[in-house]
Amino acid sequence: MPDLVRIRQSTAPAPIQLALHLFDLAAYEVLYRFSAVRRKRFFNGGYLPLAHDLRHPPDLAGEEPAAMMYHLLLCSMVATLAPDPDSILDIGCGQGGGLLYAHAVYPKARLFGTDRNRTVTRMARRALAGSGMATFTKGQNESIAFPTATAEFVISVGAPTYFGLGRFVAEAARVCKTGGIIAFSGGYRQGDHAMIEAELRAAAQVNTLIFHSYANITPNTFAALQADIPHRAAELARVPWPFRAYGWKWADMPGSAEYEEYATGRRADFACILRKP
Ligand SMILES: C[S@@+](CC[C@H](N)C(=O)[O-])C[C@H]1O[C@@H](n2cnc3c(N)ncnc32)[C@H](O)[C@@H]1O
(Lines give C-alpha, C1' and ligand atoms only; values in the text may rest on other atoms or scores of the structure.)
Protein backbone atom coordinates (compact mmCIF):
# COMPACT_ATOMS: atom_id res chain seq x y z
CA MET A 1 0.00 0.00 0.00
CA PRO A 2 1.20 3.57 -0.52
CA ASP A 3 3.51 4.30 2.38
CA LEU A 4 2.74 7.58 4.08
CA VAL A 5 4.41 6.43 7.25
CA ARG A 6 7.87 7.82 6.64
CA ILE A 7 6.38 11.17 5.65
CA ARG A 8 4.37 11.23 8.87
CA GLN A 9 7.56 10.71 10.87
CA SER A 10 9.48 13.32 8.93
CA THR A 11 9.83 16.99 9.78
CA ALA A 12 6.96 17.92 7.45
CA PRO A 13 4.92 20.87 8.79
CA ALA A 14 2.26 19.93 11.36
CA PRO A 15 -0.73 20.62 9.07
CA ILE A 16 0.68 18.22 6.44
CA GLN A 17 1.29 15.56 9.07
CA LEU A 18 -2.24 16.04 10.40
CA ALA A 19 -3.68 15.80 6.87
CA LEU A 20 -1.77 12.55 6.24
CA HIS A 21 -2.90 11.13 9.57
CA LEU A 22 -6.53 11.93 8.72
CA PHE A 23 -6.02 10.39 5.29
CA ASP A 24 -4.73 7.16 6.91
CA LEU A 25 -7.78 7.01 9.15
CA ALA A 26 -10.19 7.68 6.29
CA ALA A 27 -8.50 5.15 4.01
CA TYR A 28 -8.79 2.38 6.62
CA GLU A 29 -12.41 3.33 7.33
CA VAL A 30 -13.30 3.05 3.62
CA LEU A 31 -11.41 -0.24 3.18
CA TYR A 32 -12.82 -1.86 6.32
CA ARG A 33 -16.39 -0.76 5.63
CA PHE A 34 -16.78 -0.91 1.87
CA SER A 35 -14.14 -3.17 0.30
CA ALA A 36 -13.72 -6.96 0.16
CA VAL A 37 -11.58 -6.61 3.31
CA ARG A 38 -14.77 -6.49 5.41
CA ARG A 39 -15.46 -10.14 4.54
CA LYS A 40 -12.05 -11.27 5.79
CA ARG A 41 -10.41 -11.95 9.15
CA PHE A 42 -7.02 -10.46 8.21
CA PHE A 43 -5.70 -7.39 6.49
CA ASN A 44 -2.06 -8.24 5.91
CA GLY A 45 -0.37 -9.28 2.68
CA GLY A 46 0.62 -12.75 3.94
CA TYR A 47 3.75 -14.88 4.13
CA LEU A 48 4.76 -17.92 2.07
CA PRO A 49 5.71 -20.73 2.22
CA LEU A 50 3.33 -22.04 4.85
CA ALA A 51 4.93 -23.83 7.81
CA HIS A 52 4.26 -27.58 8.13
CA ASP A 53 2.88 -26.94 11.64
CA LEU A 54 0.54 -24.09 10.65
CA ARG A 55 -2.81 -24.49 12.48
CA HIS A 56 -6.00 -24.48 10.40
CA PRO A 57 -8.86 -23.03 12.49
CA PRO A 58 -12.05 -23.26 10.37
CA ASP A 59 -12.76 -19.51 10.79
CA LEU A 60 -9.54 -18.70 8.95
CA ALA A 61 -10.00 -21.05 5.97
CA GLY A 62 -8.84 -19.46 2.71
CA GLU A 63 -6.61 -16.94 4.49
CA GLU A 64 -3.67 -19.25 5.28
CA PRO A 65 -0.86 -16.95 4.02
CA ALA A 66 -2.15 -14.13 6.27
CA ALA A 67 -2.49 -16.56 9.20
CA MET A 68 1.08 -17.65 8.46
CA MET A 69 2.29 -14.10 9.22
CA TYR A 70 0.94 -14.58 12.75
CA HIS A 71 2.31 -18.13 12.95
CA LEU A 72 5.75 -16.68 12.20
CA LEU A 73 5.53 -14.37 15.24
CA LEU A 74 3.65 -16.69 17.60
CA CYS A 75 5.53 -19.92 16.78
CA SER A 76 8.34 -20.09 14.19
CA MET A 77 10.50 -17.17 15.30
CA VAL A 78 10.06 -17.83 19.03
CA ALA A 79 10.37 -21.64 18.97
CA THR A 80 13.63 -21.62 20.96
CA LEU A 81 11.97 -19.51 23.68
CA ALA A 82 9.26 -22.18 24.18
CA PRO A 83 6.53 -19.65 25.04
CA ASP A 84 3.59 -20.64 27.23
CA PRO A 85 1.86 -17.26 27.62
CA ASP A 86 -0.99 -16.65 30.07
CA SER A 87 -1.96 -13.56 28.05
CA ILE A 88 -1.54 -12.21 24.50
CA LEU A 89 -2.07 -8.62 23.29
CA ASP A 90 -2.40 -7.85 19.55
CA ILE A 91 -1.70 -4.20 18.71
CA GLY A 92 -3.48 -3.12 15.51
CA CYS A 93 -5.55 -6.31 15.71
CA GLY A 94 -7.69 -5.50 12.64
CA GLN A 95 -10.68 -7.82 12.20
CA GLY A 96 -9.39 -10.25 14.85
CA GLY A 97 -7.84 -12.98 12.68
CA GLY A 98 -4.53 -12.79 14.55
CA LEU A 99 -6.16 -13.38 17.91
CA LEU A 100 -8.29 -16.20 16.47
CA TYR A 101 -5.03 -17.78 15.37
CA ALA A 102 -3.41 -17.10 18.76
CA HIS A 103 -6.38 -18.79 20.46
CA ALA A 104 -5.86 -21.90 18.30
CA VAL A 105 -2.19 -22.07 19.32
CA TYR A 106 -2.46 -21.01 22.99
CA PRO A 107 -6.07 -21.87 24.02
CA LYS A 108 -5.50 -21.08 27.71
CA ALA A 109 -4.17 -17.56 27.18
CA ARG A 110 -6.33 -14.50 27.89
CA LEU A 111 -6.54 -12.32 24.78
CA PHE A 112 -6.38 -8.55 24.40
CA GLY A 113 -6.75 -6.57 21.21
CA THR A 114 -6.62 -2.93 20.22
CA ASP A 115 -7.03 -1.08 16.96
CA ARG A 116 -7.46 2.63 16.38
CA ASN A 117 -10.26 1.86 13.92
CA ARG A 118 -13.63 1.51 15.69
CA THR A 119 -15.22 -0.56 12.90
CA VAL A 120 -12.64 -3.35 13.11
CA THR A 121 -12.40 -3.23 16.89
CA ARG A 122 -16.11 -4.12 16.84
CA MET A 123 -15.58 -6.83 14.18
CA ALA A 124 -12.75 -8.35 16.22
CA ARG A 125 -14.84 -8.35 19.41
CA ARG A 126 -17.59 -10.23 17.56
CA ALA A 127 -15.11 -12.68 15.97
CA LEU A 128 -13.66 -13.62 19.39
CA ALA A 129 -16.92 -13.58 21.36
CA GLY A 130 -17.09 -17.39 21.32
CA SER A 131 -13.67 -17.74 22.96
CA GLY A 132 -14.90 -16.04 26.17
CA MET A 133 -11.27 -14.99 26.63
CA ALA A 134 -10.93 -11.69 24.79
CA THR A 135 -11.03 -7.99 25.70
CA PHE A 136 -10.89 -5.21 23.10
CA THR A 137 -10.27 -1.49 23.39
CA LYS A 138 -10.26 1.07 20.63
CA GLY A 139 -6.81 2.68 20.41
CA GLN A 140 -5.91 6.20 19.49
CA ASN A 141 -2.84 8.14 18.47
CA GLU A 142 0.48 6.55 19.29
CA SER A 143 -0.31 5.13 22.73
CA ILE A 144 -1.38 1.54 23.29
CA ALA A 145 -4.80 1.59 24.94
CA PHE A 146 -3.94 -0.92 27.70
CA PRO A 147 -2.31 -0.54 31.11
CA THR A 148 1.30 -1.29 31.96
CA ALA A 149 2.15 -5.04 32.14
CA THR A 150 -1.02 -6.24 30.38
CA ALA A 151 0.30 -9.34 28.57
CA GLU A 152 3.13 -11.88 28.49
CA PHE A 153 3.15 -12.01 24.70
CA VAL A 154 2.75 -8.73 22.78
CA ILE A 155 2.31 -9.09 19.02
CA SER A 156 1.67 -6.75 16.13
CA VAL A 157 1.40 -7.19 12.36
CA GLY A 158 1.46 -4.12 10.14
CA ALA A 159 0.83 -1.53 12.87
CA PRO A 160 4.35 -0.76 14.26
CA THR A 161 5.28 1.41 11.28
CA TYR A 162 2.23 3.60 11.95
CA PHE A 163 3.46 4.31 15.47
CA GLY A 164 7.05 4.81 14.35
CA LEU A 165 9.43 2.04 15.44
CA GLY A 166 10.94 3.87 18.44
CA ARG A 167 7.53 4.82 19.80
CA PHE A 168 6.13 1.35 19.15
CA VAL A 169 8.97 -0.41 21.00
CA ALA A 170 8.64 1.95 24.00
CA GLU A 171 4.89 1.36 24.21
CA ALA A 172 5.17 -2.39 23.65
CA ALA A 173 7.82 -2.56 26.42
CA ARG A 174 5.39 -0.79 28.75
CA VAL A 175 2.42 -3.14 28.14
CA CYS A 176 4.58 -6.32 28.17
CA LYS A 177 4.94 -8.21 31.44
CA THR A 178 8.40 -8.90 32.89
CA GLY A 179 9.78 -12.07 31.30
CA GLY A 180 7.53 -11.58 28.25
CA ILE A 181 8.02 -11.53 24.48
CA ILE A 182 7.37 -8.75 21.96
CA ALA A 183 7.01 -10.01 18.37
CA PHE A 184 6.12 -7.79 15.44
CA SER A 185 6.35 -7.29 11.69
CA GLY A 186 6.03 -4.43 9.26
CA GLY A 187 7.41 -3.00 6.07
CA TYR A 188 8.72 0.10 4.38
CA ARG A 189 8.76 1.18 0.78
CA GLN A 190 12.32 1.99 -0.29
CA GLY A 191 13.39 0.55 3.02
CA ASP A 192 16.84 -0.48 4.16
CA HIS A 193 17.15 -3.50 6.45
CA ALA A 194 20.43 -2.32 7.98
CA MET A 195 18.75 0.95 9.04
CA ILE A 196 15.57 -0.73 10.31
CA GLU A 197 17.52 -3.26 12.35
CA ALA A 198 19.79 -0.56 13.78
CA GLU A 199 16.73 1.51 14.77
CA LEU A 200 15.18 -1.53 16.48
CA ARG A 201 18.41 -2.46 18.29
CA ALA A 202 18.72 1.11 19.57
CA ALA A 203 15.07 1.15 20.70
CA ALA A 204 15.54 -2.20 22.47
CA GLN A 205 18.56 -0.85 24.33
CA VAL A 206 16.82 2.38 25.41
CA ASN A 207 13.90 0.34 26.79
CA THR A 208 16.15 -2.29 28.44
CA LEU A 209 14.83 -5.08 26.23
CA ILE A 210 16.83 -8.04 24.90
CA PHE A 211 17.16 -8.08 21.12
CA HIS A 212 16.38 -11.71 20.22
CA SER A 213 16.19 -11.74 16.41
CA TYR A 214 15.49 -9.85 13.20
CA ALA A 215 14.44 -11.36 9.86
CA ASN A 216 14.24 -9.98 6.34
CA ILE A 217 10.90 -11.46 5.25
CA THR A 218 10.58 -9.57 1.95
CA PRO A 219 11.04 -12.70 -0.24
CA ASN A 220 8.22 -14.34 1.73
CA THR A 221 5.82 -11.38 1.54
CA PHE A 222 6.60 -10.96 -2.18
CA ALA A 223 5.88 -14.66 -2.74
CA ALA A 224 2.51 -14.22 -1.01
CA LEU A 225 1.75 -11.13 -3.10
CA GLN A 226 2.59 -12.92 -6.36
CA ALA A 227 0.45 -15.93 -5.45
CA ASP A 228 -2.49 -13.64 -4.67
CA ILE A 229 -2.40 -11.54 -7.87
CA PRO A 230 -5.23 -13.38 -9.73
CA HIS A 231 -7.47 -13.12 -6.65
CA ARG A 232 -6.67 -9.41 -6.16
CA ALA A 233 -7.31 -8.73 -9.88
CA ALA A 234 -10.75 -10.37 -9.60
CA GLU A 235 -11.62 -8.30 -6.50
CA LEU A 236 -10.39 -5.08 -8.13
CA ALA A 237 -12.45 -5.75 -11.26
CA ARG A 238 -15.53 -5.21 -9.08
CA VAL A 239 -14.30 -1.84 -7.74
CA PRO A 240 -16.01 1.16 -9.43
CA TRP A 241 -13.84 2.81 -12.07
CA PRO A 242 -12.71 6.01 -10.30
CA PHE A 243 -11.36 4.00 -7.35
CA ARG A 244 -9.92 1.06 -9.27
CA ALA A 245 -6.60 2.71 -10.14
CA TYR A 246 -6.10 3.72 -6.54
CA GLY A 247 -7.05 0.21 -5.40
CA TRP A 248 -4.43 -1.18 -7.80
CA LYS A 249 -1.74 0.78 -5.92
CA TRP A 250 -3.09 -0.17 -2.49
CA ALA A 251 -3.01 -3.80 -3.52
CA ASP A 252 0.64 -3.54 -4.74
CA MET A 253 -0.42 -4.90 -8.14
CA PRO A 254 1.92 -5.36 -11.14
CA GLY A 255 2.53 -2.04 -12.87
CA SER A 256 2.29 -0.06 -9.63
CA ALA A 257 5.38 1.60 -8.14
CA GLU A 258 4.75 -0.54 -5.05
CA TYR A 259 5.03 -3.80 -7.02
CA GLU A 260 8.16 -2.56 -8.82
CA GLU A 261 9.81 -1.90 -5.45
CA TYR A 262 9.22 -5.53 -4.49
CA ALA A 263 10.46 -6.75 -7.87
CA THR A 264 13.64 -4.63 -7.76
CA GLY A 265 14.55 -5.24 -4.11
CA ARG A 266 13.72 -1.77 -2.77
CA ARG A 267 10.94 -2.96 -0.48
CA ALA A 268 11.95 -3.95 3.08
CA ASP A 269 9.57 -6.14 5.10
CA PHE A 270 10.84 -7.35 8.44
CA ALA A 271 9.94 -9.32 11.54
CA CYS A 272 11.55 -8.78 14.93
CA ILE A 273 11.52 -10.49 18.32
CA LEU A 274 12.41 -8.70 21.58
CA ARG A 275 12.31 -9.98 25.15
CA LYS A 276 11.60 -8.15 28.38
CA PRO A 277 13.99 -9.49 31.06
C1 LIG B 1 -2.13 -3.57 7.84
S2 LIG B 1 -3.40 -3.54 9.03
C3 LIG B 1 -3.10 -5.10 9.86
C4 LIG B 1 -4.28 -5.61 10.65
C5 LIG B 1 -4.00 -6.95 11.36
N6 LIG B 1 -2.86 -6.86 12.23
C7 LIG B 1 -3.83 -8.09 10.38
O8 LIG B 1 -2.69 -8.50 10.14
O9 LIG B 1 -4.83 -8.54 9.84
C10 LIG B 1 -2.77 -2.37 10.23
C11 LIG B 1 -3.74 -2.07 11.36
O12 LIG B 1 -3.08 -1.23 12.31
C13 LIG B 1 -4.06 -0.34 12.81
N14 LIG B 1 -3.35 0.81 13.44
C15 LIG B 1 -2.61 1.75 12.84
N16 LIG B 1 -2.14 2.63 13.74
C17 LIG B 1 -2.60 2.23 14.97
C18 LIG B 1 -2.48 2.73 16.29
N19 LIG B 1 -1.79 3.83 16.55
N20 LIG B 1 -3.10 2.04 17.30
C21 LIG B 1 -3.82 0.93 17.04
N22 LIG B 1 -3.96 0.41 15.78
C23 LIG B 1 -3.37 1.06 14.77
C24 LIG B 1 -4.90 0.02 11.59
O25 LIG B 1 -6.17 0.57 11.94
C26 LIG B 1 -5.01 -1.35 10.92
O27 LIG B 1 -6.14 -2.06 11.39
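Of the 277 residues in the chain, 44% count as buried. The structure is a predicted model, and its secondary structure comes to 11 helices and seven strands. Along the principal axes, the C-alpha atoms fill a box of roughly 50 × 45 × 35 Å. The radius of gyration is 18 Å, which agrees with the value near 19 Å that a compact globule of 277 residues would have. Contacts reach far along the sequence as well: among those between residues at least 6 apart, 69% join residues at least 24 apart.

A good place to begin a tour of the fold is strand β2 (110-115). This strand is mostly covered, with five of its six residues buried. On one side, β2 pairs with β1 (residues 87-91) in the parallel sense, over five bridges. Within this pairing, L89 stands opposite F112 of β2. The two strands and α4 (97-105) together make a right-handed β-α-β unit. Strand β2 also runs parallel to β3, to which five bridges join it. Here L111 has A134 of β3 as its bridge partner. The route from β2 to β3 passes through α5, and this β-α-β crossover is right-handed too.

The loop between α5 (118-127) and β3 (134-138) contains G132. This glycine counts as exposed because it has 7 C-beta neighbours inside 10 Å, and the cut-off for an exposed residue is 12 or fewer. In space, the C-alpha of G132 lies 8.9 Å from that of R110, although 22 residues separate the two in sequence. R110 belongs to β2 (110-115), so the loop residue G132 can be located in relation to the strand described above by way of this pair.

Strand β2 has a further part to play in the picture, around the ligand. The ligand has 22 residues around it, of which N44, G92, G94, G158 and Y162 come nearest. By class, this shell holds 10 nonpolar, nine polar and three charged residues. At least two shell residues are supplied by each of α4 (97-105), β2 (110-115) and α6 (160-163).

Another glycine, G45, sits in the loop between α2 (14-34) and α3 (64-74). Unlike a residue that meets the exposed cut-off, G45 is buried, because 23 other C-beta atoms lie within 10 Å and 20 or more are enough for that class. Leaving aside residues up to four places away in sequence, G45 touches T221, A224 and L225. The C-alpha atoms of G45 and A223 are separated by 9.9 Å, although the two residues are 178 apart along the chain. The loop between α2 and α3 also holds P49. A cis peptide bond, with omega of about 5 degrees, joins L48 and P49. Most peptide bonds are trans, and most residues other than glycine have a negative phi.

Two residues depart from the usual sign of phi. T208, which is not a glycine, has a positive phi of about 50 degrees. Its place is the loop between α8 (193-206) and β6 (210-216). D252, also a residue other than glycine, has a positive phi near 55 degrees, and is found in the loop between α10 (241-250) and α11 (257-263). Are these two residues buried or exposed? T208 counts as exposed because it has 9 C-beta neighbours inside 10 Å, whereas D252 counts as buried because it has 24.

Helix α7 (residues 165-175) offers a closing view of the interior. Its buried residues are L165, F168, V169, E171, A172, A173 and V175. An α-helix has 3.6 residues a turn, so residues three or four places apart point the same way. The buried residues of α7 pack against the strands β1, β4 (151-157), β5 (176-188) and β7 (268-275), and against the helices α6 and α8. Strand β1 thus appears both in the packing of α7 and in the parallel pairing with β2, while α6 appears both in that packing and in the shell around the ligand.

Key: Residues numbered from 1 in each chain as written. Predicted model: local features only at pLDDT ≥ 70, side-chain atom pairs only at ≥ 80, totals over all residues. Near = placed C-beta within 6 Å. Helix = DSSP H or I, 4+ residues; strand = E, 2+ residues; numbered from the N terminus. Nonpolar A, V, L, I, M, F, W, Y, C, P; charged D, E, K, R; others polar. Pairing = 2+ DSSP bridges. Right-handed = clockwise from strand over helix to strand, strands pointing away. Contact = placed C-beta atoms within 7 Å. Rg over C-alpha atoms; globule rule 2.2 N^0.38 Å.
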